[in-house]
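Reader: I am new to this structure and would like a friendly walk through it. Could you take my questions one at a time?

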Amino acid sequence: MERRDFIKILSRYVLASYGLMLCPSIALASDSDELAFQGQERLNSKKYAEAVDLLKKALEMDPGNHWAYGLLGRAYTGLDKRGEAVAAFRKAVNINPEDTFSRMMIDQLTQKPIPKTQQKKKAPPGPEQKARQEEAAALNRISSDSGLGYKVERVVIDAGHGGFDSGAVGLRGLKEKDLTLDIALRLHERLKSEGKIKTFLTRTGDYYVPLSERTVIANQHNADLFISIHVNASTNRASSGSETYYCSAKASSKEAMKVAELENSVLKYDEGFKQKAGFFDFEKILRQIEQRLYWRESGKFASIFQGRFKQYLPIKNRGVHSANFYVLRTAKMPAILLEAGFVSNLDEEMMLYRPDFRARIVEAIARGLV
Ligand SMILES: [Zn+2]
């Protein structure tokens with residue numbers, strides 16, 4: 001799907017949510033989304049029973065959350081509770097008749113097509129019908145597990161830190177800012193030579209770019225994806241491996257919160273970051289809803305990305321997590337943050353020094369993106 005179609009559909013969602021904002025249930029709806037996020041994560045790590053608990057809570061808060069019903073259906077499918085799974089998918093379809101993914105799951109689980117009376121009733125003939133069909137197909141691609149709803153063609157690569165902000169520093173003196181720049185430049189060259197993806201860099205040298213400006217750059221380039229490259233550090237020197245993050249209002253774990261705190265710590269130097277309080281900012285609420293939709297997509301993309309990335313990099317896979325990363329927060333596109341390893345781990349720091357290992361990281365990222 002073309003990016004503009006994706007945006008068009010997204011804006012319809014935003015407009016639908018806009019109606020919701022007029023009633024006070026909006027706060028509940030966003031909490032419900034958060035729980036559904038957490039449920040999705042349990043689902044991705046095959047903890048189906050935990051996913052069911054979280055998703056049920058999400059649905060108690062917002063019984064109209066069809067996304068949560070779809071996830072609940074998948075969790076029950078994982079537990080092999082077909083009856084409950086079908087019931088959840090039916091709920092999803094009842095709330096959102098265009099949820100063709102859930103419809104397909106019902107078909108698969110019951111092995112017979114469900115009546116399409118609802119469809120008949122609402123689809124007028126002619127071009128409008130065709131547009132609806134296209135939209136349903138597009139929505140299905142967005143809500144299915146097969147990946148993002150559109151092809152990634154323009155990527156903004158963000159080399160974490162820079163200038164006075166060194167980021168993490170290893171025991172042997174490896175600086176995060178130098179490593180991330182080297183990987184970003186290599187990735188840029190690698191993707192340029194392949195020609196399928198157009199890339200943009202937030203920085204090309206050793207200087208500092210404020211966190212807020214990095215996503216502004218991505219938004220200006222009208223990118224399909226924003227990837228921020230980092231390496232991790234921990235007081236526990238045994239910690240090792242790679243992990244992918246996406247943005248959420250609440251952190252998925254204490255560790256994730258710590259990582260976000262570390263990556264956000266430079267924020268105090270960012271100019272112009274002033275809280276405007278005391279008035280009702282309608283635009284802001286609209287933007288927040290739009291952002292949540294991108295975060296949702298980011299979560300899906302992060303799972304796919306980390307899944308491929310780990311196949312090509314011979315270090316521990318620490319999975320996908322979420323937290324409130326300032327650098328990802330305002331991106332108007334799916335945005336992820338990669339922690340490619342630990343400089344605080346002596347073995348990994350030595351590997352990260354090696355050009356051949358850096359080349360493998362670049363290869364793993366490229367394969368994760370394409
Ligand atoms: Zn960092």
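Author: The questions and answers below deal with a predicted model.

Reader: Let us begin with the metal. Which residues coordinate the zinc ion?

Author: The distances from the zinc ion to its donor atoms run from 2.0 to 2.5 Å. Along the chain, the donors follow the spacing H-x14-E-x53-H-x32-E. Glu 263 is listed with OE twice. The coordinating residues are His 161, Glu 176, His 230 and Glu 263.

Reader: How many residues apart in sequence are the parts that His 161 and Glu 263 tie together?

Author: His 161 sits in the loop between β1 (154–159) and α9 (176–194), while Glu 263 belongs to helix α11 (residues 254–264). Because the two lie in these separate places, the pair ties together parts of the chain that are 102 residues apart.

Reader: Is His 161 buried or exposed?

Author: Buried means under 20% relative accessible area. His 161 has a relative accessible area of 7%, so this residue falls under that cut-off. Glu 263 shares the label with His 161, as both are buried. The answer for His 161 is buried.

Reader: What is the phi of His 161?

Author: Most residues other than glycine have a negative phi. His 161 is not a glycine, yet its phi is positive. The value is about 65°.

Reader: Asp 80 also caught my eye. Is Asp 80 buried or exposed?

Author: Asp 80 has its place in the loop between α4 (66–78) and α5 (82–95). Its phi is positive too, near 65°, in a residue other than glycine. Exposed means over 50% relative accessible area. With 59%, Asp 80 is exposed.

Reader: Now for the empty spaces. What is the volume of the largest cavity?

Author: The lining of this cavity includes His 161, His 230 and Glu 263, which are also among the residues that coordinate the zinc ion. Both α10 (211–220) and β3 (225–232) supply at least two residues of the lining. By class, the lining has 2 nonpolar, 4 polar and 3 charged residues. The volume of the largest cavity is about 60 Å³.

Reader: Which element gives the most to the lining of the second largest cavity?

Author: The second largest cavity has a volume of about 40 Å³. Domain 1 (3–143) and domain 2 (154–369) each provide at least three residues of its lining. Among the lining residues are Glu 34, Phe 37, Tyr 246 and Ser 322. The element that gives the most, with 4 residues, is α2.

Reader: And where does the second largest pocket lie?

Author: This pocket holds about 420 Å³ of space, and α2 (26–44), α12 (282–312) and β5 (317–323) are the elements that give two or more residues to its lining. Of the 18 lining residues, Glu 41, Asn 44, Ser 45, Gly 319 and Val 320 lie nearest the centre of the pocket. Both domain 1 (3–143) and domain 2 (154–369) give residues to the lining, so the pocket lies between these domains.

Reader: Which class has 10 residues in the lining of the second largest pocket?

Author: α12 gives the largest share of this lining, 6 residues. Sorted by class, the lining has 2 nonpolar residues and 6 charged ones, and the class with 10 is polar.

Reader: Let us turn to salt bridges. With which residue does Asp 182 form a salt bridge?

Author: The closest N and O atoms of this pair are 2.8 Å apart. The pair links distant parts of the chain, 176 residues apart, with Asp 182 in helix α9 and its partner in helix α15 (residues 355–369). That partner is buried, with a relative accessible area of 11%. Its name is Arg 358.

Reader: Which residues are joined with Glu 363 into one network of salt bridges?

Author: Glu 363 and Arg 367 both lie in helix α15, 4 residues apart, or about one turn of the helix. Their side chains meet in a salt bridge at 3.0 Å, N to O. At 25% and 37% relative accessibility, Glu 363 and Arg 367 respectively are partly exposed. Through salt bridges that share partners, Glu 363 is joined with Arg 190, Glu 194 and Arg 367.

Conventions:
Residues numbered from 1 in each chain as written. Predicted model: local features only at pLDDT ≥ 70, side-chain atom pairs only at ≥ 80, totals over all residues. Heavy atoms only, no water. 1 Å grid on protein atoms, 1.4 Å probe; cavity = no way out; pocket = protein on both sides within 12 Å on 5 of 7 lines; lining within 4 Å. Points joined across faces, edges and corners; volume = space filled by probe spheres on them. Nonpolar A, V, L, I, M, F, W, Y, C, P; charged D, E, K, R; others polar. Domains from an automatic or database assignment. Donors = N, O, S within 2.8 Å, 3.2 Å for Na, K, Ca; no water. Buried < 20%, exposed > 50% of the residue type's maximum accessible area, 1.4 Å probe, protein only. Salt bridge = Lys/Arg side-chain N within 4 Å of Asp/Glu carboxyl O.
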